[in-house]
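Trainee: I am new to this structure and would like to look closely at one part of it. Please choose a place to begin, and then work outward from there step by step.

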Amino acid sequence: MRNLLELINKHNHLLLFILLESFALFLIVQNSQFHKAAFLNSTNGVTANSFAVISNIREYFSLKKTNDLLLLENAKLKSLISYQNTDTIRSTDPYQYISATIINNSVAKANNYLTLDKGEIDGIKKGMGVISERGVIGIVKETSKRYSTVLSILHSQSKLSVAIKKNNHFGSLQWDGKSYKKARIYDIPSHVKLTIGDTIITSGFSHIFPSKIDLGLISEIDTENDDKFHKIKMTFIEDLKQLRYVNVCESLNKNEKINLEKSLDE
């Protein structure tokens, strides 16, 4: 209180000036219809702009929640489509999906991993596939209650069954440890006609990933005349360095498929 009184005493002339100016402005607005209308228009404009700024700030901070809801809805729709496929074309591989956010990611190491913000309490289990809207990202390696780590497709141990979209010739994809934007395709016979720009997709041969996910485009073909298999380099469609959101997927029929295939070896 003492400090306040000292402040008022120190700036008494300025405060008196502001008080008188405010009173004069009040009298002008009260006694003039023109100034009254102008004042109301001005205050309405300031109020509207303030509300707009506050609304924009609230929208900005609610974006994460909105995005999480959209991802969850997207995952549910994917699962529903899989179930519908089961009824209509008798698909043997319906998948369920869990949306997740990447909270750590590496692309420059020889063996790269990701960390997701979902874990065991969300239904994440070891061996589940991780995909985005534009490609395969990796396979869940370890889980805790609330987090999971993923063996990235950019890992020396990652190997994925793929196919040429236009003719279904299948091979395998493996990262060569160089550019995070490219990978090599193996085991495509050299008699298969290929063109730069051909699309590489998942073959669906494994029980981990759905089939026909677009992965990348053929960017280089370096096959010699006496080679039995093409030497192919593919450019990923997905930019793994900018990736933020993914879906973790699991085939609901994988055990049936695995057990049936195991019986062939017995």
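## A strand and its surroundings

Mentor: Tyr113 stands opposite Leu151 in strand E5. Please keep in mind from the outset that this is a predicted model, and let us use that residue as our way into strand E2, which covers residues 113–116.

The side chains of E2 follow an alternating order, with Leu114 and Leu116 pointing to one face, where they are buried, and Tyr113 and Thr115 pointing to the other face, where they are not. In a regular strand, side chains take turns between the two faces of the sheet. On the side of pairing, E2 has strand E5 (residues 148–152) as an antiparallel partner, with four bridges between them, and strand E1 (residues 95–105) is also paired with E2 in the antiparallel sense, here over three bridges. Leu114, one of the buried side chains of E2, is the bridge partner of Asn105.

From E2 we can follow the chain into the loop that lies between E2 and strand E3 (129–132). Lys126 meets Glu142 in a salt bridge, with 3.3 Å from N to O between their side chains. Because Lys126 lies in that loop while Glu142 belongs to strand E4 (residues 135–143), the pair ties together parts that are 16 residues apart in sequence. Lys126 has a relative accessible area of 52% and is therefore exposed, the cut-off for that class being over 50%. Glu142 is partly exposed, at 39% relative accessibility. This is one of the eight salt bridges found in a search of the whole structure, and a network of salt bridges also links Lys125, Glu250 and Lys254.

Further along the chain there is another set of paired strands to read in the same spirit. Strand E6 (160–164) runs antiparallel to strand E9 (199–202), and three bridges join E6 to E9; within this pairing, Ala163 has Ile201 in E9 as its bridge partner. E9 and strand E10 (214–221) are likewise joined by three bridges and run antiparallel, with Gly216 in E10 being the bridge partner of Ile200.

The loop between E6 and strand E7 deserves a careful look, since it supplies partners for two salt bridges. Asp214 and Lys165 meet through their side chains in a salt bridge of 3.3 Å, N to O. That pair links distant parts of the chain, with Asp214 in strand E10 and Lys165 in the loop between E6 and E7, 49 residues apart. Asp214 counts as partly exposed at 28% relative accessibility, and Lys165 is partly exposed as well, with a relative accessible area of 44%.

Asp198 and Lys166 form a salt bridge too, their side chains meeting at 2.9 Å, N to O. Asp198 sits in the loop between strand E8 (182–186) and E9, and Lys166 in the loop between E6 and E7, so this pair ties together parts that are 32 residues apart in sequence. At 11% relative accessibility Asp198 is buried, because the cut-off for that class is under 20%, whereas Lys166, at 47%, counts as partly exposed.

Strand E7 brings us to an aromatic contact, and the count of such pairs comes to one. The ring centres of Phe170 and Phe205 are 5.1 Å apart and the ring planes stand at 65°, so the pair is edge-to-face. Phe170 is in strand E7 (residues 170–174) and Phe205 in the loop between E9 and E10, which means that the pair ties together parts 35 residues apart in sequence. Phe170 is partly exposed, with a relative accessible area of 48%, and Phe205 counts as partly exposed at 49%.

Finally, turn to the start of the chain. A nonpolar patch on the surface is formed by Met1, Leu4, Leu5, Leu7, Ile8, Leu14, Leu15, Phe17 and Ile18, which together have about 910 Å² of accessible area. Helix H1 (2–10) and helix H2 (12–31) each supply at least two residues of this patch. Leu15, for example, is found in H2, and at 40% relative accessibility it counts as partly exposed.

How values were computed:
Residues are numbered from 1 along each chain as its sequence is written. This is a predicted model: local features need pLDDT of at least 70, side-chain atom pairs count only at pLDDT 80 or more; totals for chains, interfaces and linings use all residues. Side-chain values use heavy atoms; hydrogens and water are left out. Patches are made of residues with over 30% relative accessible area and no salt bridge: like charges are joined within 9 Å, nonpolar side chains (Val, Leu, Ile, Met, Phe, Trp, Tyr) within 5 Å. Accessible areas come from the Shrake-Rupley method with a 1.4 Å probe; for residues, only the protein chains shown count as cover. A salt bridge is a side-chain nitrogen of Lys or Arg within 4 Å of a carboxyl oxygen of Asp or Glu. Buried means under 20% relative accessible area, exposed over 50%, partly exposed in between (1.4 Å probe, protein chains only). Two strands pair if DSSP finds at least two bridges between them. Rings of Phe, Tyr and Trp (its six-membered ring) pair if their centres lie within 6.5 Å; planes under 30 degrees apart count as stacked, over 60 as edge-to-face and the rest as tilted.
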